[in-house]
Structure formats: C-alpha cells, structure tokens
Amino acid sequence: MVTCPSSDCGSPNVADLPHFWHSLPAESPLKARYAPPEAAGANYWIALAAVAAGIALLVSGALLGLAVAAAGAGWGALVHRQAAAAGERLADWESSRVCLACTGMF
Ligand SMILES: [Zn+2]
C-alpha cells in the first residue's frame with residue numbers, strides 16, 4: 001500500500017498520475033496542472049537536409065558547405081538530446097503518483 005510521502009498528510013488515498021489524469025473531465029482545471037510533459041518535436045529531417053546541403057555545397061567547391069554541414073550535424077545532436085530529455089520527463093510523469101488528499105505529486 002502506497003501512502004503520501006508528505007509528513008503532514010500520509011494519506012493512503014493515492015492514485016497513479018496517468019490514470020488519474022485520464023479520468024479527469026476535459027473541462028477540469030486540474031487537467032492542465034497534471035498534464036504530461038510535451039514531447040519535443042524531433043525534427044531530424046531539417047537537420048539531415050542541412051547536412052546534405054552542406055555536403056552538396058562542399059562537393060561543388062564552396063567552403064561554406066563545411067559550415068552548413070557542421071551546423072546541421074550540431075543541430076541534429078541538439079534535437080536528439082532534447083528528444084531524449086523529453087522522453088525522460090514523460091517516463092517520470094508516467095511513473096508518478098498523485099495524492100488525492102493534499103494533491104501533491106510524487
Ligand atoms: Zn498527501
């Protein structure tokens with residue numbers, strides 16, 4: 001049996017956060033408060049296109065291509081890190097619980 005970790009509360013009236021959130025009506029003000037974190041839009045294609053454009057420029061003899069390809073690769077890495085961090089936040093949310101007595105999340 002899971003109880004609320006708050007020392008002032010300790011209520012056994014605890015629910016899984018995703019389950020609780022899905023059971024809330026759409027017009028509930030709590031719906032936004034307990035909403036899952038936004039997933040980062042992993043836009044690899046634009047980063048990939050920048051790398052491809054950079055390589056094409058490089059092949060045609062423009063030194064600028066190196067900068068464009070490097071920027072695309074760096075952006076791709078950044079997008080990848082953001083997507084990984086968003087995935088972690090979502091996993092945290094999915095494993096969270098909410099206390100129905102004091103509304104604390106843990
Ligand atoms: Zn509580």
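## Exercises on helix α3 and the zinc site

In this predicted model, α3 is followed by G61, a residue with a positive phi near 95 degrees.

**Exercise 1.** Determine how the length of α3 compares with the span expected at 1.5 Å a residue.

*Solution.* Helix α3 covers residues 44–59. Its 16 residues, at 1.5 Å a residue, should span 22 Å. The end C-alpha atoms of α3 are 22 Å apart, so the model agrees with the expectation.

**Exercise 2.** Establish which residues of α3 are buried and how they are arranged about the helix axis.

*Solution.* The buried residues in α3 are A47, A50 and G54. Viewed down the axis, the buried residues of α3 fall within an arc of 55 degrees, and therefore line one face of the helix. On the face turned away from this buried side, α3 carries the exposed residues W45, L48 and V59. The packing partner of the buried residues is α4 (64–94).

**Exercise 3.** Classify G54 as buried or exposed, and identify its contacts beyond four places in sequence.

*Solution.* G54 lies in α3. Burial requires a relative accessible area under 20%; G54 counts as buried because its relative accessibility is 0%. With neighbours within four places in sequence left aside, G54 is in contact with G65, L66, V68 and A69. As a separate distance, G54 and E88 are 34 residues apart in sequence, and their C-alpha atoms are 32 Å apart in space.

**Exercise 4.** Identify the residues that coordinate the zinc ion and assign the geometry of the site.

*Solution.* The SG atoms of C4, C9, C99 and C102 coordinate the zinc ion at 2.3 Å. Along the sequence, these donor residues follow the spacing C-x4-C-x89-C-x2-C. The next step concerns the angles. Four donors count as tetrahedral if all angles lie between 85 and 135 degrees. The four donor atoms around the zinc ion subtend angles of 106 to 117 degrees, so the arrangement is tetrahedral. For reference, the ideal angle for four tetrahedral donors is 109.5 degrees.

**Exercise 5.** Classify C4, C9, C99 and C102 by exposure, and state how many disulfides the whole structure contains.

*Solution.* A residue under 20% relative accessible area is buried, one over 50% is exposed, and one in between is partly exposed. C4 therefore counts as buried, at 5% relative accessibility, and C99 is buried at 1%. C9, with a relative accessible area of 28%, is partly exposed, as is C102 at 34%. A search of the whole structure finds zero disulfides.

Definitions and conventions. Residues are numbered from 1 along each chain as its sequence is written. This is a predicted model: local features need pLDDT of at least 70, side-chain atom pairs count only at pLDDT 80 or more; totals for chains, interfaces and linings use all residues. Side-chain values use heavy atoms; hydrogens and water are left out. Helices (H or I, at least four residues) and strands (E, at least two) are DSSP runs, numbered from the N terminus. Buried means under 20% relative accessible area, exposed over 50%, partly exposed in between (1.4 Å probe, protein chains only). Contact means heavy atoms within 4.5 Å. A disulfide is a pair of cysteine sulfur atoms within 2.5 Å. The expected span of a helix is 1.5 Å times one less than its number of residues. The arc is that of the directions from the helix axis to the C-beta atoms. Donors are N, O and S atoms within 2.8 Å of the metal (3.2 Å for Na, K and Ca); water is not among the atoms, so sites may look incomplete. Four donors count as tetrahedral if all angles lie between 85 and 135 degrees; four count as square planar and six as octahedral if opposite donors are over 155 degrees apart and all others between 65 and 115; anything else is irregular.
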